[in-house]
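User: Can you walk me through a few features of this one? I'd like short answers with the reasoning shown.

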2 protein chains.
Amino acid sequence: MYRSHSCGEVRASHINTEVTLAGWVQKSRDKGFMVWVDLRDRYGITQLIFDEERTPKEMMEKVKSLGREFVIQITGTVIDRESKNDKMVTGDVEVLVSKLEILNASMTPPFTIEDKTDGGEDIRMKYRYLDIRRNPVKNSLIFRHKVAMEVRKYLSDQEFIEVETPYLIKSTPEGARDFVVPSRMNEGQFYALPQSPQTFKQLLMVGGMDKYFQIVKCFRDEDLRADRQPEFTQIDCEMAFVEQEDILNVFEGLTRHLLKEVNNVEVDKFPRMLYDDAMRIYGNDKPDIRFGMEFGELNEVAQHKDFGVFNSAELVVGIAVPGGNAYTRKEIDKLIDWVRRPQVGALGMVYCRVNEDGTFKSSVDKFYDQEDLAKWAEKTDAKAGDLICILSGVTNKVRAQLSALRMELAARLGLRDPKVFAPLWVIDFPLLELDEETGHYHAMHHPFTSPKPGQLEMLDTDPGAVKANAYDLVLNGNEIGGGSIRIHDKKMQATMLRHLGFSDEDARAQFGFLMDAFEYGAPPHGGLAFGLDRLVAILGGQETIRDFIAFPKNNSGRDVMIDAPAFIDDDQLKELSLKLDIKS
Amino acid sequence: MYRSHSCGEVRASHINTEVTLAGWVQKSRDKGFMVWVDLRDRYGITQLIFDEERTPKEMMEKVKSLGREFVIQITGTVIDRESKNDKMVTGDVEVLVSKLEILNASMTPPFTIEDKTDGGEDIRMKYRYLDIRRNPVKNSLIFRHKVAMEVRKYLSDQEFIEVETPYLIKSTPEGARDFVVPSRMNEGQFYALPQSPQTFKQLLMVGGMDKYFQIVKCFRDEDLRADRQPEFTQIDCEMAFVEQEDILNVFEGLTRHLLKEVNNVEVDKFPRMLYDDAMRIYGNDKPDIRFGMEFGELNEVAQHKDFGVFNSAELVVGIAVPGGNAYTRKEIDKLIDWVRRPQVGALGMVYCRVNEDGTFKSSVDKFYDQEDLAKWAEKTDAKAGDLICILSGVTNKVRAQLSALRMELAARLGLRDPKVFAPLWVIDFPLLELDEETGHYHAMHHPFTSPKPGQLEMLDTDPGAVKANAYDLVLNGNEIGGGSIRIHDKKMQATMLRHLGFSDEDARAQFGFLMDAFEYGAPPHGGLAFGLDRLVAILGGQETIRDFIAFPKNNSGRDVMIDAPAFIDDDQLKELSLKLDIKS
């Protein structure tokens, strides 16, 4: 036993009790005749006191030798503290130390172990074990644990069974790139790491497991964007004998449970929005509905005059920025620069001020009179004092651009409060998505998603218009979950794969086991998966996921702490019947 | 909603209620004018009834067309059953069907979906989704879920935090072979899949996480023995500021909790046994103590006569087989054949009957008189009616042989009752183990295990004698968990690695990050890991782990259902800068 109490536990009720504590030296204040040490462990900080009067000389010297992050064990008596600190739960007391042992020394850490550290991202990643000592990271990991436990409790109470599916599976060409694992025992062959347990959870439904879930690592060998990781965690779920409605209800229940238990927030029934509406109203399939600023489509009221830019555009669309009329000309010019950045990609922006007296002043007054502009205000729901921002161009692009502007302005206006939670189901996603580079359609969700009843035939005539039994759960502008009702009929699955460009042979080689399974009594089924990393970050009120991952990788997929990946021995390669074939 | 109730839910209290059920046709009995169908789902079976009087003709034809494992949905009225079946919880009622829909047809399954199936191992693995419909497999998976949930609840209630550690880590030459994962973004470099999260959990302790656990997949590319899997699941745990005693107490508590919650069995405080004693008394570091048959060492009482075999042996050791005197000469000869099989490897076996009248009759009466044999009986604790079996030879080998014999005989005698649970801590394992082929010592547990205090110096003089702060939890003759107090001092870790044959350069390259971490305030720490697959199998009263794994691999590491591993595209190899180098 290294301790009788934790450093977060000592209270006034312990006064005159002897305690043994162990932990790290957070800091010490040396007044010569008196030394105070803040001793820290996972649970909190307790102040230790040493003074010339009551502390043996030898110990006094020892305590003065302690540096930050030394690991010590002390025994002492809890005493009343002279200058109380009501910011600390242990702030009423201190421990007068009678025994001090140094369990381990520490070099000076490369950054301060404080809530606000002086360490940059890179150094913190290299010394992640020190970063984890800091409250923001430590508490994020504890928070993640709490969320995961609540997920398991909730689903388990609803008779869901957590089943572990295999990590060493088979590579499929569909979707993102697989990480592969050479097999030594099967020469020249490879396993793949799962991008998701999709086919296995469907087979569990065929196997009668009925309600499955798993909190599981998934892997994608994609070029990493800022906030992506090659390995990530899903809450993966599947149910048999269900329709979309059943699934939405169960997982709305789970999400509401989490918000209540973890955030102490009660939310109403989640609104539902058609994918087409989300795109039209927010330019985005994962709209942030914590605030309005809905799109107003202006083709009707802006394409009848001589303004060529608008007349030649597929879509003219605007939003009203609350109070935006207060922006100076310079500020608006900056906004125009912002939408013209390559990341957004607009060619320009038309604006229209709505003055307090109800008159309008636009950047295109040459073409539009007050009556025209009043219609713009009506369509964008602009009030006196607002600024209408209008973009135009090809529908898909201009929607994405205006959505980016909407999010940016909302952030500047403080409308994206991380303490406010606005969940939303987006439903009726398209089944297929056109890859503009190749001209081919691929599955928007995945090849196992079922089309809406009666729409299968449209695959031949108007593939882009076919809607799927697919849905996303959106929280504060982030997709936190998504799923679909699956195909459970062999013929329909074969038709779908053919439409996705699989030859019958390829379909058989890749998904034969699944289609075979469909011939032995496959029940109707569907499910969804949550991205746990993102979910905990949002529930935790954070934008980035890294603090919620104990040992994240950097943008090159490297773990800079352990320095992985790394070269391996020639012997290892030989055993795997592999040779390096370095291009550079 | 495909159903109002599950098939396991319908009771007498539902009589006259309309219910909608969905599930699989377990079987149907067609009496011409009447048809009964057993409808099955995960939760149970409900009997459906159709008859000429009350069922429309069209539906009567439809129900007669149903084959086994068809998926159907029915609506009907719960009625009292004429011939009650008290073996079924739903046996008091049946459902008179008014609506029948075939949701999916089924081909005839390749084996019967019954508790006792006619399907062999291979076909069951290929159609694992059908195997999972069978109660023995389905219930094993549900049982596994229950165990995992109880583990999480217990540890979480004790303030342990489940932290996910990475799966894409770095290959280390120590221990078993790693599975490796080529990195596309870091040309020519590889990740490795973890054999255990060992170094990460230690870093979490350095990071102040204090109490960590994780139920986590681990990977070993070993030639597979019958009951091994290339991927397996651990309950991985670590604690800071603890001594061995603390860890034994916590995880004894966990194990006792599982036995209580899952098996409804209360067990006393777990006995503890020194490794040396376990080897001496049971010839095994994971003794099954559900029964006695302890070893009696006979050197003293058997090496003073002219029997050369014994005189030249390092160890002469015997066990008393309860009631074994009843064996015929032929049966004993068979036993001798058994110990001479290559799997056991004894050269022969001496035996001694203990007659009911207290006299002895041995196979070596030429050399030993009654007085000698009485001493054998005393040493092996043999009673009248027993048979003493004696092996001799090199200590390590003869112990292993006699241990195998002891286990075999206990099984034959019914002494290995899967409903009886006899946990045991084996402590004070040796730090190092001699590899007889290479003559080198390697870490018995792993290179991070600390030696007993004051024994570090013996590494130079008598490495094999150094004991470690290492312990195993043994249940019914199986090692279900093992762990150690770790080294937390950089110098000691470096010394240890040097003794294990690492050059300073290799030690730095492989474990530099850990040794660096030890310089920034590493607390004393230790932990252990349970093998979850084995643990649930034993708690579930089974010998083999396969039924407790949803999708196991075969002895060649193949998933025969999905046919993995498999060859991958040349393009994929090229992207990874790899070439196949097939030897055969």
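User: Why is helix H16 of chain B largely enclosed by the rest of the structure, and how many of its eight residues are buried?

Analyst: First, this is a predicted model, where local features need pLDDT of at least 70, side-chain atom pairs count only at pLDDT 80 or more, and totals for chains, interfaces and linings use all residues. Residues are numbered from 1 along each chain as its sequence is written, chains are lettered from A and ligands numbered from 1 in the order written, and side-chain values use heavy atoms, leaving out hydrogens and water. Buried means under 20% relative accessible area (1.4 Å probe, protein chains only), and helices are DSSP runs of H or I, at least four residues, numbered from the N terminus. B:Leu532 and B:Asp533 are among the buried ones, and H16(B) is largely enclosed because the buried count is seven of the eight.

User: Which cysteine sulfur is closest to that of A:Cys237, and why is there no bond?

Analyst: A disulfide needs two cysteine sulfur atoms within 2.5 Å, and a search over all chains finds zero. A:Cys237 is buried at 0% relative accessible area. Its sulfur is too far for a bond, 12 Å from the closest one, in A:Cys218.

User: And which is closest to the sulfur of B:Cys352?

Analyst: B:Cys352 is also buried, at 0% relative accessibility. The gap is 10 Å, too far for a bond, and the closest sulfur sits in B:Cys389.

User: Which residue is the bridge partner of A:Cys352 in S15(A)?

Analyst: Strands are DSSP E runs of at least two residues, and two strands pair if DSSP finds at least two bridges between them. S14(A) and S15(A) pair antiparallel over three bridges. In S15(A), the partner of A:Cys352 is A:Ser362.

Conventions. Buried means under 20% relative accessible area, exposed over 50%, partly exposed in between (1.4 Å probe, protein chains only).
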